[in-house]
Amino acid sequence: MGKKKTDEGYGEGLVKLDFDDDALLDEEEMTARLMERFNSPNYEPPKLPGVATELMALAQNPDVTIADIVSLLEKDTMLTGQIMKLVQSAIYSGQTEITSLNQALIRIGLNSLRDVVFQASMNMRVFRADAYADTMNRLRRHSAFTGYVARAICKYTKIEGEYAFLCGLMHDIGIAAILIALSDTGPKKKAPDLVAIWPAIDRVHAQAGQLIAGLWELPETIAVVLGAHHQVMIEGTANPLAATVCLAESIAHERGFGLVPDGEEDVEGVGEIEVACLQSHSGVDLSMDKTLEQAKEALGISESQLSQVRSDCEEIEAAIV
């Protein structure tokens, strides 16, 4: 699946993908080309604002102060605006309006504020590709919904859920990175038709996501989950966070927040071609039934508890725009 860093000639070839041949119709070839691009030392992933990655480090510091956090966030005024918008949503807001970063931090806590910062950062910088705007917007909503459901699932399990939201939010960054790479064709070329390449995207997106997490220098815990969210089992042992994201994503699909619109779903405002692309690949981004059962077993979560999670989704749905 592409050259490794130890292979001769690594990094000398495919930084941009060439779509003017039959590779688009060959899933194996397309998969190899995508992974070679992501493994290239010349590849630059979509960038997160430095504020987001700095906050990740600050969140691990037991001596951090509110003033430290506010000072950091105020470095990026556009990001701060997005953060304030998100903390006003039904998921975070209480009976009184949040009007400052100080209030936000006191109200929702450092870990939740970190989650909000990453959500705002992803919305601004990562879920952007003009050639696939409709699909990227759907991916943004799917990812946010999955993150919130992952956090909700943790209330009914015994696992440590510190990174549950971030893992859910970022679980499909591999798809975002692939769509951005496919859009980078130059002014004289048209981005490839999604109908032809969705199988390759689906096949490679988890591995691509793990690579992107590494390039962003996110905690290894998150990177591993991004690579395993459709398999759950790693070397014969279930990963609890991967199991959480697996179930959360399944519920997202159930609730109409998947990547694939079903026949009854309202797709008003979504391009006709992109709807056709998604509907022609009904298995895109889905986990197998066996994997879902392994996830439930790993978490020790009951059907009645999952029903309660689904009830919690009504509030989550209202907060997703």
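This briefing walks through the overall make-up of the chain, two helix pairs and a handful of individual residues. Keep in mind that the model is predicted. The chain has 15 helices and just two strands, and 52% of its 321 residues are buried.

**The chain as a whole**

- Helices number 15 here and strands two, so expect helix pairs to take up a good part of what follows.- Take the contacts between residues at least 6 apart in sequence: 73% of them join residues at least 24 apart.
- The accessible surface adds up to about 15,100 Å², and carbon and sulfur atoms account for 48% of that surface.

**Helix α11 against helix α12**

- Helix α11 covers residues 220-228 and helix α12 covers residues 240-254. The two pack at an angle of about 50°, and their axes are 9 Å apart.
- Angles from 65 to 115 degrees count as roughly perpendicular and those under 35 as roughly parallel, so α11 and α12 end up oblique to each other.
- The crossing of α11 past α12 is right-handed.
- On the α11 side, the contact is made by Thr221, Val225 and Ala228; α12 brings in Leu241, Ala242 and Val245.
- Sorted by class, that contact of α11 with α12 holds five nonpolar residues, one polar residue and no charged ones.

**Helix α1 against helix α9**

- Helix α1 (residues 27-39) packs on helix α9 (residues 173-183) at about 95°, with 11 Å between the axes.
- An angle from 65 to 115 degrees counts as roughly perpendicular, which is why α1 and α9 get that label.
- From α1, the contact uses Met30, Leu34, Arg37 and Phe38. From α9, it uses Ala177, Ile178, Ala181 and Leu182.
- The class split for α1 with α9 is seven nonpolar, no polar and one charged.

**Two buried helix residues**

- Phe165 sits in helix α8 (residues 164-170). Its relative accessibility is 1%, so Phe165 counts as buried, the cut-off being under 20%.
- Setting aside neighbours within four places in sequence, Phe165 is in contact with Asp115, Gln119, Ala144, Gly147, Tyr148 and Arg151.
- Phe165 and Ser143 are 22 residues apart along the chain, and their C-alpha atoms are separated by 9.7 Å.
- Ile153 belongs to helix α7 (residues 133-154). With a relative accessible area of 0%, Ile153 is buried.
- Not counting residues up to four places away in sequence, Ile153 touches Thr244, Leu247, Ala248, Leu299, Ile301 and Val309.
- One of those partners, Thr244, is 91 residues from Ile153 in sequence, yet the C-alpha to C-alpha gap is 6.8 Å.

**Positive phi without glycine**

- Val232 is not a glycine, but its phi is positive, at about 70°. You'll find Val232 in the loop between α11 and β1 (233-234).
- Val232 is buried, at 0% relative accessible area.
- Glu235 also isn't a glycine, and its phi is positive too, at about 55°. Glu235 is in the loop between β1 and β2 (237-238).
- Glu235 comes out at 82% relative accessibility, so it counts as exposed; the cut-off for that is over 50%.

Conventions. Residues numbered from 1 in each chain as written. Predicted model: local features only at pLDDT ≥ 70, side-chain atom pairs only at ≥ 80, totals over all residues. Heavy atoms only, no water. Axes fitted to C-alpha atoms, helices over the stretch in contact; angles between N-to-C directions. Helix = DSSP H or I, 4+ residues; strand = E, 2+ residues; numbered from the N terminus. Parallel < 35°, antiparallel > 145°, perpendicular 65-115°, else oblique. Left-handed = near helix turned anticlockwise from the far one by under 90°. Contact = heavy atoms within 4.5 Å. Nonpolar A, V, L, I, M, F, W, Y, C, P; charged D, E, K, R; others polar. Buried < 20%, exposed > 50% of the residue type's maximum accessible area, 1.4 Å probe, protein only. Areas by Shrake-Rupley, 256 points an atom, 1.4 Å probe, with all protein chains shown as cover.
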